[in-house]
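I opened this structure to look up a few things: empty space inside, cysteines, and the surface. My notes follow in that order.

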Amino acid sequence: MKKIVISNKVHYIGVNDRKKNLFENNWPLPNGVSYNSYLIADKKCALVDTLEFGSKDDYIEVIEDILEGRDLDYLVVNHMEPDHSSMVGWIIRRYPQIKIVANNKAFKMLEAYFGISTDSIHEVKDGDTLDLGYHKLNFVITPWVHWPETMMTYDATDSILFSCDAFGSFGSLDGAIFDDEINFSYYEDEMRRYYSNIVGKYSHMVQKAFAKLKGVPVSIICPSHGPVWRKEPQKAMALYDKWSKHESEEGVVIAFASMYGNTEKMADYVARLIAERGISNIRVYDVSKTHVSFILNDIWKYKAVILGSSAYNAVMHPMMQHLCNELEILNPKDKNYALFGSFSWSGGGVKTLVPFAEKMSWNMVAPPVELMGAPTEEKMEGFMEIAKHIL
Ligand code: FEO
């Protein structure tokens, strides 16, 4: 296997996972994902995060090959989610003298997952340093980006930030590892989808992490998923700053749940009215067809959202309920919104969308449009107001 050197003695030893269908058994991976692990072969040798178990059958051999008979002194555990930590047990069995470098929030999890006692742990606190020889590692505790124990490791010598999930992306690394080797337009959507699906709920903690990193020179970002940023690390930071501040682009997402096509006709009608007003970014999604992961990504991206649901057992359609549940959990902010729906008996779609939307504290631009039976232009007159004010 070709060695990939990031900087002095710092090696990329990650892997692509193109087999898994659902990340966290929830989020689709049509373009795969990479698990990035890094090995610093300095005077003292340190591994920074591991991989998902079973994702790289020659992982230990790759480490041994780089170390050329030397011991591994430290394993830095920035994050305990098993896509990065589930090889920790294997590393300990191969290098029984190793010290696990972690903060105290990770202790219970290390014990629960691997039976690791505090004797094997080198505890680090915010701002602590670990001297490897050439490289001097500093630890930045960044809780809830996106688990309670998450931290980042900063190499003060070469200004490398090992950021774990932060600045990560879905999408496998297809030969190109570094940001100057990739076509970023391919990755931008997958990077935002990763952010909105995995990290976005904790946007306020991302902002706190940024505050801690203020003034710290960063030449290279080594995240745990997706490209390594060595040419434009500021670009990755600017995107995360924008997304975590809930800054959006001009555009409208229309998501609908329709049983027999009436609510879908309403979605197409309002989409056309919006297009006639000169708005070109309009995305219409059938929630029964498109996985919520992709709809959430576009809702995070764009300023406005319009939700429509047929009545189903006198409430909203179950697939729209799924989208609303995820929206409530992940909590994208500062949206303009409107609602619509159709029914055959006594309503239910709009009736249950209203209290959901009120909980989101978004800005309602016009009253909901609700109709019985087949849509007609007359019944849909209210869409004129929605189209006029949605952006
Ligand atoms: Fe990539 Fe939170 O694990």
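**Empty space inside**

I looked for cavities first and got 1 cavity of 30 Å³ or more. The model is a predicted one, and I keep that in mind for every entry. I used a probe because rolling one the size of a water molecule over the atoms shows where empty space is left.

I noted a volume of about 50 Å³ for the largest cavity. Which residues line the largest cavity? I listed Val145, Met152, Ala166, Phe167, Val206, Ala209, Phe210, Leu213 and Tyr240. I then checked which helix gives the most to this lining, and found helix H6 (residues 203–213), with 4 residues.

**Cysteines**

How many disulfides does the structure hold? I found 0 disulfides. For Cys222, the nearest cysteine sulfur belongs to Cys164 and is 12 Å away. A disulfide needs two cysteine sulfur atoms within 2.5 Å, so Cys222 is in no disulfide.

Is Cys222 buried or exposed? I read a relative accessible area of 1% for Cys222, so I wrote it down as buried. The cut-off for buried is under 20%. I looked up Cys324 as well: its relative accessibility is 1%, so Cys324 also counts as buried.

**Surface**

I turned to the outside and found a nonpolar surface patch of about 370 Å², made by Met259, Tyr260 and Tyr312. I picked Tyr260 from this patch to look up further. Where does Tyr260 lie? I placed Tyr260 in the loop between strand E17 (249–257) and helix H8 (262–276). Tyr260 counts as exposed because its relative accessibility is 75%, and the cut-off for exposed is over 50%.

Key
Residues numbered from 1 in each chain as written. Predicted model: local features only at pLDDT ≥ 70, side-chain atom pairs only at ≥ 80, totals over all residues. Heavy atoms only, no water. Patch = residues over 30% accessible without salt bridge, like charges linked within 9 Å, V, L, I, M, F, W, Y side chains within 5 Å. Areas by Shrake-Rupley, 256 points an atom, 1.4 Å probe, with all protein chains shown as cover. Salt bridge = Lys/Arg side-chain N within 4 Å of Asp/Glu carboxyl O. Helix = DSSP H or I, 4+ residues; strand = E, 2+ residues; numbered from the N terminus. Buried < 20%, exposed > 50% of the residue type's maximum accessible area, 1.4 Å probe, protein only. 1 Å grid on protein atoms, 1.4 Å probe; cavity = no way out; pocket = protein on both sides within 12 Å on 5 of 7 lines; lining within 4 Å. Points joined across faces, edges and corners; volume = space filled by probe spheres on them.
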